[in-house]
Every structure is written in C-alpha cells, then in structure tokens.
Amino acid sequence: QVQLVESGGGLVQAGGSLRLSCEASGGTFSTYVMGWFRQAPGKEREFLLAIAQSGGITYSADNVKGRFTISRDNAKNTVYLQMNNLKPEDTAVYSCAATKGSAQGIPVGGTYAMDYWGKGTLVTVSS
C-alpha cells in the first residue's frame with residue numbers, strides 16, 4: 001500500500017505561481033498512475049490532472065489547461081503540480097492520489113478511479 005504526502009501549499013497572490021509536490025512511500029511508485037485533485041470550500045472534489053506511469057501521457061481538466069501542468073520523477077518517488085497564473089477561485093485543498101488502473105479512465109471516473117490518497121495541502125489565492 002502506498003502512502004502519499006503533499007507539500008508546497010500556502011498563500012499566493014493572484015497571478016502568481018506555486019509548485020506542489022507529492023512524495024510516495026511504501027510502494028513501487030513507477031507502477032502507479034498519479035493524479036491531482038482539489039476541493040474548494042463547499043464544493044465536491046474535482047479532477048485536475050493525471051499522469052501515466054512513465055510520465056509520457058498526461059490528462060488535464062479543461063478548466064486548468066494552459067495554467068497547470070503535472071510531472072513526475074520516478075527516481076524521487078514524487079509527482080508535481082505546477083500552477084501558474086493562479087486565480088482566487090483556485091483556492092482549495094489540493095490532494096494527490098494513486099491508482100494502478102488506467103490513466104485514461106481518470107478524467108471520467110474522477111475520485112472513484114483512485115485507490116490511495118494523500119491528506120492534501122491548502123492553497124489560498126488572494127485577490
């Protein structure tokens with residue numbers, strides 16, 4: 001079973017950038033498809049991006065395309081979320097998740113497609 005710990009959240013001004021990290025332990029990281037999700041206050045958790053095991057294939061939700069990117073370093077057991085041009089509506093708790101299922105299925109399945117979750121890190125974007 002893999003354990004996930006996010007880091008890098010904090011307070012940032014609108015228009016700024018932030019990079020989140022998610023470090024995995026307890027499993028063979030390179031065998032997991034990884035995803036980033038977020039949950040804003042009063043809203044359901046939503047899918048943002050997913051990345052296949054090798055890092056060569058990624059999927060992105062339409063509302064973050066061009067602003068957010070996902071990457072991974074299998075040697076460091078870490079997946080990253082680079083967020084640029086942040087907006088106040090990006091304020092949320094950001095969580096990473098892992099699955100041995102298909103990366104292609106994550107944009108459709110959302111949270112149900114994932115097996116393991118981190119506790120999340122809070123990102124607050126001020127206007």
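This passage describes a strand arrangement and several aromatic contacts in a predicted model.

We can begin with the sheet. Strands of a sheet pair through backbone hydrogen bonds, in either a parallel or an antiparallel sense. Here, four strands make up an open sheet, and their pairing is antiparallel. Read across the sheet, the order is E1-E3-E8-E7. Strand E1 (3-7) and strand E7 (68-73) form the edges, each pairing on one side only. From one strand to the next, the twist averages 20°. Within this sheet, strand E3 (residues 18-25) and strand E8 (residues 78-83) are joined in the antiparallel sense by six bridges. A handy place to look in the viewer is Leu18, which stands opposite Met83 in E8.

Next come the aromatic side chains. The structure contains three aromatic pairs. In one of them, the ring centres of Phe37 and Phe47 are 5.8 Å apart and the planes meet at 70°, so this pair is edge-to-face. Phe37 belongs to strand E4 (residues 33-39) and Phe47 to strand E5 (residues 46-51), so that the pair links distant parts of the chain, ten residues apart. Phe37 and Phe47 are both buried. Ring pairs also bring in Trp117, giving a cluster of Phe37, Phe47 and Trp117.

Arginine side chains lie over aromatic faces as well. Arg45 is placed over the face of Trp117, a member of the ring cluster, at 4.1 Å from the ring centre. Elsewhere, Arg72 lies over the face of Phe29, with 4.4 Å to the ring centre.

Definitions and conventions. Residues are numbered from 1 along each chain as its sequence is written. This is a predicted model: local features need pLDDT of at least 70, side-chain atom pairs count only at pLDDT 80 or more; totals for chains, interfaces and linings use all residues. Side-chain values use heavy atoms; hydrogens and water are left out. Two strands pair if DSSP finds at least two bridges between them. Helices (H or I, at least four residues) and strands (E, at least two) are DSSP runs, numbered from the N terminus. Axes are lines fitted to C-alpha atoms, for helices over the stretch in contact, and angles run from 0 to 180 degrees between N-to-C directions. Rings of Phe, Tyr and Trp (its six-membered ring) pair if their centres lie within 6.5 Å; planes under 30 degrees apart count as stacked, over 60 as edge-to-face and the rest as tilted. Buried means under 20% relative accessible area, exposed over 50%, partly exposed in between (1.4 Å probe, protein chains only). A charge sits over a ring if NZ of Lys or CZ of Arg is within 6 Å of the ring centre and within 35 degrees of the ring normal.
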